[in-house]
Amino acid sequence: MKQENYNVIGVMSGTSLDGIDLVNIRFTYKKDWTFEVINAETYEYSADWKRTLKNAIHIDKEVLKDLDERYTIFLAEIISKFIQKNNIKEIDFVASHGHTIFHKPEIGETYQIGNMPFIAEKLSNKVICDFRVQDVQLGGQGAPLVPIGDKLLFSDYDYCLNLGGFANVSVMDDGVYRAFDICAVNNVLNHYVHQLGFDYDDGGKIASSGNLNSELLEELNSLPFYKKTFPKSLGIEWVESDVLPIIDGYKIAPEDILRTYVEHSAYQTAAVLKKSSSVLVTGGGAYNTFFIDKLKTYSGADIFLPENEIIEFKEAIIFGLLGVLKDRGEVNCLKAITGASKDHSSGKIYNP
């Protein structure tokens, strides 16, 4: 008989480089899955790690292998500190996403560092990780993976919208559960706010002070990705190759770029939401009041912002659940979402 209770540590690092999210969760299964967050914390990256991870997409494979080893050691140290600080005694396993360096499912490649087998030895705990590779090998996008958690833990809402480096959404559509990436959000906004000396635009105040550039807005809204059919996902490569060159060609003030990009990303996000639907919003972008106001205006949907714990740690919670499902040998990756050849139980299990 499969166990009903799991005490798990979920670990997530997103492309917006906000930091490493760590959460200790207790999952319980009694007909349906429920969860309780026991401890949660974000470990901010140092300036050196931010710079290294941001530029990693451009380094060669040998250097990348060395970075993978260093990051795996670093990640193990952060997880160990979290365990010790919170005096966590009983752990079924650690479920870790790692950090995405590149994501090119169209050529069968995706790479998340921090998932090397020796992480289990460093932690003296079972580790379940590297959740995306198998899906790409099965012909899928390897993303988004969070929707299975949205379906099992947050089904009270019509849509689950996450606003991180990218905006992605999960929804039941004509009896089929679908999910996809919508557009870049914080990856682009943070890139330009850095030019003003800030890590992020607090509440969207800087963006709200800028002027809308209608020509730039129109060109961004014409990006071919928005017309693609499902399944579809985005990586930082798309931002660098398709989005930033367009914006940089306009030679306008960072405030105006931020203002225009908020308009663009809110418009694209709203376009996938049905009027009067209920939308659970999580991720760092949920704190961007200017963006949320624009989203409400464009969509006409009922936008729900949950408690900060869920806003900030939902993805880490769900990767914990992905680990539980993998440990049970149950499906944690849906072909209808990623485009893989079959539903499957993705991830690798490492024992100490």
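## A walk from hairpin to sheet

Start by selecting strand E4 (residues 93-104) and strand E5 (residues 109-113), an antiparallel pair joined by five bridges. Strands here are DSSP runs of E with at least two residues, helices are runs of H or I with at least four, and both are numbered from the N terminus. Two strands count as paired if DSSP finds at least two bridges between them.

Before going further, note that this is a predicted model: local features need pLDDT of at least 70 and side-chain atom pairs count only at pLDDT 80 or more, while totals for chains, interfaces and linings use all residues. Residues are numbered from 1 along each chain as its sequence is written, and side-chain values use heavy atoms, with hydrogens and water left out.

**The hairpin and His97**

Zoom in on Phe102, and you will find Tyr111 of E5 opposite. Follow the chain round the turn: E4 and E5 make a hairpin with four residues between them, and Gly108 in that turn has a positive phi of about 75°.

Now pick His97, which also lies in E4. Is His97 buried or exposed? His97 is buried, with a relative accessible area of 3%; buried means under 20%, exposed means over 50%, and partly exposed is in between, using a 1.4 Å probe and protein chains only. Show its side chain together with that of Arg132, and a polar contact of 3.0 Å appears between them. A polar contact is a pair of N or O atoms within 3.5 Å; within protein, one must be able to donate a hydrogen and the other to accept it, and residues adjacent in sequence count only if both atoms are side-chain atoms. To see the wider surroundings, leave aside neighbours within four places in sequence: His97 is then in contact with Val11, Met12, Ser13, Gln112, Asn115, Arg132 and Phe319. Contact means heavy atoms within 4.5 Å.

**Salt bridges**

Next, colour the charged side chains. A salt bridge here is a side-chain nitrogen of Lys or Arg within 4 Å of a carboxyl oxygen of Asp or Glu, and by this rule the count comes to 14.

Select Arg26 and Glu36 to see one of them, at 3.2 Å from N to O. The pair links distant parts of the chain, with Arg26 in strand E2 (residues 20-30) and Glu36 in strand E3 (residues 32-43), ten residues apart. Arg26 is partly exposed at 36% relative accessible area, and Glu36 is partly exposed at 43%.

Then move to Asp130 and Lys348, whose side chains meet in a salt bridge of 3.1 Å, N to O. Here the partners are 218 residues apart: Asp130 sits in the loop between strand E6 (127-129) and helix H4 (133-137), and Lys348 in strand E12 (residues 348-350). Asp130 counts as buried at 10% relative accessibility, whereas Lys348 counts as partly exposed at 35%.

**The five-stranded sheet**

Where do E9 and E11 stand in the open sheet? Select its five strands, which come in the order E9-E8-E7-E10-E11 with mixed pairing. E9 and E11 stand at the edges with a single partner strand each, so one side of each has no neighbour in the sheet. From one strand to the next, the twist averages 20°.

At one end of that order, E8 and E9 run antiparallel and are joined by eight bridges. Highlight Val171, and Arg178 in E9 stands opposite.

**Helices around the sheet**

Add helix H10, which lies across E7, E8 and E9 and runs at about 170° to E9. Axes are lines fitted to C-alpha atoms, for helices over the stretch in contact, and angles run from 0 to 180 degrees between N-to-C directions.

Now bring in helix H6 (residues 186-193), which packs with H10 at about 170°, their axes 9 Å apart. That makes H6 roughly antiparallel to H10, a label for angles over 145 degrees. Show Val188, Leu189, Tyr192 and Val193 of H6 against Pro254, Ile257, Leu258, Tyr261 and Val262 of H10 to see the contact. H6 is mostly covered, with seven of its eight residues buried.

Finish at helix H11 (residues 289-299), where Phe290, Phe291, Ile292, Lys294, Leu295 and Ser299 are buried. Those buried residues pack against strands including E7 (159-163), E10 (278-282) and E11 (302-304), and against helices H7 (205-209) and H10 (254-270). Just after H11 comes Gly300, with a positive phi near 70°.

Notes: Angles under 35 degrees count as roughly parallel, over 145 as roughly antiparallel, 65 to 115 as roughly perpendicular and the rest as oblique.
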